[in-house]
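Here is a friendly walk through some helix packing and the empty space beside it. Have a look at the model first, and then read on.

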Amino acid sequence: MEIKSDLPDILLRPGLACGRSLGKDRPMRESKTFGLIARGGLVCYAVVHLLVAWLAAQVALGDKAKADKAGALQMVVAEGGAWLLWLIAAGLAVLALWQLSEAITGHRHVKARRRTVRRIVSGIEVVLYGLVSYSSVKIAVAGADDGQGSLVAGILAKSYGPVLVTAAGIAVVAVAVFLAQRGFRKTFARELDFSGASETTRSTTIRLGQVGWIALSAAYGTIGVLTVVAAVTFDPAKASGLDAALKTLSAQPYGGPMLLVLAAGIAAFGAFALLDARFRKI
């Protein structure tokens with residue numbers, strides 16, 4: 001018996017099921033507009049990471065520019081691209097809504113155990129897409145980012161602040177571990193449809209995904225550790241996002257070369273995200 005959802009069909013994206021017809025498992029198949037917007041959002045996500053990679057390389061080479069996602073978006077608006085920020089925000093907002101529906105009612109074509117994991121992945125993507133979309137809107141409106149440091153400072157000032165910030169840091173580290181296994185085990189490939197693609201394209205996409213997800217894991221892991229340190233030392237400046245993480249890495253022995261490697265990894269993720277926009281099952 002077919003399971004009905006209270007959510008509109010346009011927000012659902014069941015993947016391909018083994019042995020079933022596409023008509024039953026992909027109610028979004030006729031929504032070409034949604035598919036185009038979703039893939040456009042993935043392209044925006046790719047562009048943001050390519051900008052982050054470029055800024056990370058600048059930090060490795062001694063530039064003091066802010067190198068987190070907000071810094072990449074600020075660079076866009078500084079070049080007169082406020083309209084592009086609104087486009088990025090809209091595309092990523094659609095992606096976040098899509099993944100929210102997947103986290104709540106999606107992935108019904110897979111076994112219960114794997115379905116739970118897939119829904120958790122979708123939940124994580126809701127946060128990732130949503131944060132970049134929110135930052136895009138804020139910077140498009142204000143032209144500047146308030147920064148994470150002030151937020152952490154406000155939380156640490158509360159009696160429950162250190163505990164909350166520590167928990168947040170541990171959660172970020174947990175996400176980093178998850179991202180790493182996603183790269184090592186190539187589980188992201190389950191979301192891709194390589195029908196009609198050459199073997200070279202397929203292997204290149206998967207390899208870029210492996211390198212990219214592991215690089216993101218390293219970046220987020222550093223952020224999580226610095227957030228915990230900020231809570232323990234009551235120093236909010238140590239928890240100011242990817243910018244602080246990259247500069248912390250660059251200050252270490254051989255930090256410059258390590259940061260250049262990380263920048264290359266983030267660039268690989270950006271390239272993968274472009275291919276993801278082409279091959280993602282929507």
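## Helix packing around a cavity

In this predicted model, α8 and α10 are oblique to each other, because their angle falls in none of the ranges for roughly parallel, roughly antiparallel or roughly perpendicular pairs. The axes of α8 (residues 199-233) and α10 (residues 255-279) cross at roughly 130° and come within 7 Å. Their crossing is left-handed. On the α8 side, the contact is made by residues including Thr201, Leu208, Gly212, Trp213 and Ala219. The α10 side includes Leu262, Gly265, Phe269, Phe272 and Phe279. Taken by class, the residues of this contact are 15 nonpolar and five polar, with no charged ones.

Helix α10 also packs with α2, where the angle is about 170° and the axes are 8 Å apart. That angle is over 145 degrees, so α2 is roughly antiparallel to α10. Here the contact has 22 nonpolar residues, along with three polar and three charged.

What about α2 and α5? Their axes cross at roughly 75° and come within 12 Å. The two helices are therefore roughly perpendicular to each other. From α2, Leu42, Tyr45 and Val48 meet Leu128, Tyr129 and Val132 of α5. This contact consists of six nonpolar residues, with no polar and no charged ones.

The three pairs can be set side by side:

| Helix pair | Axis angle | Axis distance |
|---|---|---|
| α8 and α10 | roughly 130° | within 7 Å |
| α2 and α10 | about 170° | 8 Å |
| α2 and α5 | roughly 75° | within 12 Å |

Now for the empty space. How many cavities of 30 Å³ or more does the structure hold? There are three, and the largest has a volume of about 80 Å³.

Which residues line the largest cavity? They are Leu42, Tyr45, Glu125, Leu128, Tyr129, Trp213, Phe269, Phe272, Ala273, Asp276 and Arg280. Helices α2 (32-60), α5 (112-142) and α10 each supply at least two of the lining residues. The most comes from α10, which gives four residues. By class, the lining has eight nonpolar and three charged residues, and no polar ones.

Several names recur between the contacts and the cavity. Leu42 and Tyr45 of α2 meet residues of α5, and both also line the largest cavity. Leu128 and Tyr129 of α5 take part in that contact and belong to the lining as well. Trp213 of α8, together with Phe269 and Phe272 of α10, belongs to the contact of α8 with α10, and these three residues line the largest cavity too.

Note on methods. Residues numbered from 1 in each chain as written. Predicted model: local features only at pLDDT ≥ 70, side-chain atom pairs only at ≥ 80, totals over all residues. Heavy atoms only, no water. Axes fitted to C-alpha atoms, helices over the stretch in contact; angles between N-to-C directions. Parallel < 35°, antiparallel > 145°, perpendicular 65-115°, else oblique. Left-handed = near helix turned anticlockwise from the far one by under 90°. Contact = heavy atoms within 4.5 Å. Nonpolar A, V, L, I, M, F, W, Y, C, P; charged D, E, K, R; others polar. 1 Å grid on protein atoms, 1.4 Å probe; cavity = no way out; pocket = protein on both sides within 12 Å on 5 of 7 lines; lining within 4 Å. Points joined across faces, edges and corners; volume = space filled by probe spheres on them.
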